Amino acid sequence: MSTPIAFPRFGRRRITPQACVLTGRVHLRAYLGEALAELGFVVRPCADDEGFAAAAATSPLDLVVLPLPDGPATAERLRRLAVASPEASVLLLGPPAAPALAAAEELAEALGLTVLKPLGTPFRPADLVSRVAHLVPRRATLQAPVDIEEALAAGWLEPWYQPQVDLSTGAIRRAEALLRLRHPVWGIIEPARFLPSGADLPWRAVSDLVVDRAIADWRGFAARGTPIGLAINVPLPVLREPDFVRSLWRRLPDHPAFRGLTVEVDCSAILDDLDAATAIARELRFCNVGVSIDDAGPDWTPLAGLPHFPFVELKVDGGTVRGCATDPAKHAVCAALVEHAGRVRVPIVAEGVESEADLAAVKALGFDSVQGFVFARPMEARKLARLLARQDAATTRPPAVG
């Protein structure tokens with residue numbers, strides 16, 4: 001007999017809340033699941049009553065989302081919910097004036113369930129956040145240490161993607177793969193909590209996983225007609241392993257739409273061993289792989305002394321970009337890096353752009369692209385695919401007549 005999972009709590013609340021989206025509509029289930037996962041829920045999508053029963057038996061649920069109308073099944077589902085997860089909050093979703101919505105709300109209250117303010121359709125993401133935010137504890141309290149070896153063995157690691165937007169066109173020109181861990185109890189975990197700085201970690205295994213998953217996702221984008229440039233992060237010591245370079249080259253897509261892969265390497269690591277880094281960057285260009293200098297900041301100046309610049313891009317770290325609109329020191333560093341990028345003829349990217357003021361500043365300074373929350377947070381591959389499809393549709397739509 002298996003041992004049940006112990007769910008840590010703050011008082012009566014688990015550190016990571018559990019949610020169930022119960023609907024047979026595949027796209028709606030996926031959309032709501034992704035939105036709730038980004039807010040910090042562990043999501044258990046359920047297509048039918050059998051799936052709901054399994055989810056409720058796995059762990060107590062904090063939130064059940066019921067899209068309506070769903071006919072007579074709605075009443076029976078609410079009665080089952082009152083028995084299986086009486087402490088769960090219920091979020092009903094449907095047209096505001098629909099009789100089914102009012103009937104479901106009345107029954108849920110009569111059964112003693114906690115009913116959140118119904119979410120009318122269509123709805124904005126902010127509306128969903130306002131309904132469920134109180135169920136999610138502050139991120140600062142989530143301190144679950146996760147063993148990276150366990151995560152690799154369990155298959156919990158996956159790449160999410162943050163778009164890089166071209167400032168001249170407003171189009172997504174590339175996406176950076178950023179590692180996330182999908183824990184069965186703790187939900188989505190960011191790298192700072194499972195890839196601690198300075199730790200002796202299995203970087204080769206992690207890098208191989210990112211390469212494989214990112215290339216597989218690229219093939220999916222290409223199959224949908226929206227191939228996009230991809231960037232991955234690889235530590236310099238892994239790139240120095242001769243068999244890694246050969247393995248990387250063999251895994252690249254043999255596809256007419258593939259324009260190469262960008263590998264981002266931390267600027268501080270490059271500055272610590274400039275000779276090795278420049279040699280690797282030159283070698284990788286023959287493999288259709290370009291090396292980007294990631295997280296460049298105030299200590300970038302040794303790069304100015306390179307007689308040849310084999311790198312394909314400069315990315316300025318978010319700590320330098322944030323506040324550059326008002327901080328003269330940050331503004332000066334950004335301006336110097338833009339000037340250097342122009343001198344060596346490579347594009348320059350501003351990372352961590354989170355405000356309209358900083359966005360205006362990097363535009364004025366002459367950055368080529370931006371990456372940051374002002375445009376988009378990291379997202380799952382399927383969400384990026386939908387974003388690319390909308391962008392493609394917008395650019396190919398014929399102009400209105402009249």
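The paragraphs below go through confidence, cysteines, backbone geometry, one pocket and some individual residues of this structure.

The model is predicted. Its protein chain has an average pLDDT of 87, and 91% of the residues score at least 70. Two stretches should be read with that score in mind. Over residues 1-14 pLDDT stays under 50, and the model has 25 contacts beyond four places in sequence for this stretch. Residues 139-143 also have pLDDT under 50 throughout, with 9 contacts beyond four places in sequence.

The cysteines come next. The structure holds 0 disulfides. For Cys324, the closest cysteine sulfur belongs to Cys334 and is 4.6 Å away, which is too far for a bond because a disulfide needs the two sulfur atoms within 2.5 Å. Seen from the other side, Cys334 is in no disulfide, and its nearest cysteine sulfur is that of Cys324. Cys324 has a relative accessible area of 1% and is therefore buried. Cys334, at 0% relative accessibility, is buried as well.

The backbone has some points to check. Most residues other than glycine have a negative phi, and most peptide bonds are trans. The peptide bond from Thr121 to Pro122 is cis, with omega near -5°. Pro122 is found in the loop that runs between strand E8 (119-120) and helix H5 (125-132).

Positive phi values occur at Asp295 and Arg345. Asp295 is not a glycine, yet its phi is positive at about 60°. The residue belongs to strand E14, which spans residues 289-296. With a relative accessibility of 33%, Asp295 counts as partly exposed. Arg345, also not a glycine, has a positive phi of about 60°. Its setting is a loop, between helix H13 (328-344) and strand E16 (348-351). Arg345 is exposed, since its relative accessible area is 77% and the cut-off for exposed is over 50%.

Next is the second largest pocket, which holds about 350 Å³ of space. Its lining is made of 20 residues, and those nearest the centre are Arg174, Arg259, Gly260, Leu261 and Thr262. Strands E10 (172-183), E12 (229-233), E13 (261-266) and E14 are the elements that each give two or more residues to this lining. Sorted by class, the lining has 10 nonpolar, 5 polar and 5 charged residues.

Leu236 offers a view of packing between parts of the chain. The residue lies in helix H8, which covers residues 236-239. Leu236 is buried because its relative accessibility is 7%, and buried means under 20%. Leaving aside residues up to four places away in sequence, Leu236 touches Val265, Ala269, Ala277 and Ile280. One of these contacts can be given as a backbone distance: the C-alpha atoms of Leu236 and Ala277 are 7.3 Å apart in space, while the two residues are 41 apart in sequence.

Glu87 sits in a loop, with helix H3 (73-84) on one side and strand E6 (89-94) on the other. Is Glu87 buried or exposed? At 56% relative accessibility, Glu87 counts as exposed. Its C-alpha is 7.5 Å from that of Leu61, a residue 26 places away in sequence.

Notes. Residues are numbered from 1 along each chain as its sequence is written. This is a predicted model: local features need pLDDT of at least 70, side-chain atom pairs count only at pLDDT 80 or more; totals for chains, interfaces and linings use all residues. Side-chain values use heavy atoms; hydrogens and water are left out. Buried means under 20% relative accessible area, exposed over 50%, partly exposed in between (1.4 Å probe, protein chains only). Helices (H or I, at least four residues) and strands (E, at least two) are DSSP runs, numbered from the N terminus. On a 1 Å grid over the protein atoms alone, a cavity is a set of points where a 1.4 Å probe fits but cannot get out, and a pocket is an open set with protein on both sides within 12 Å along at least five of seven lines; lining residues have an atom within 4 Å of a point. Grid points are joined across faces, edges and corners, and a volume is the space filled by probe spheres set on the points. Ala, Val, Leu, Ile, Met, Phe, Trp, Tyr, Cys and Pro count as nonpolar, Asp, Glu, Lys and Arg as charged, and the others, Gly among them, as polar. pLDDT is the predictor's confidence in each residue, from 0 to 100. Contact means heavy atoms within 4.5 Å.
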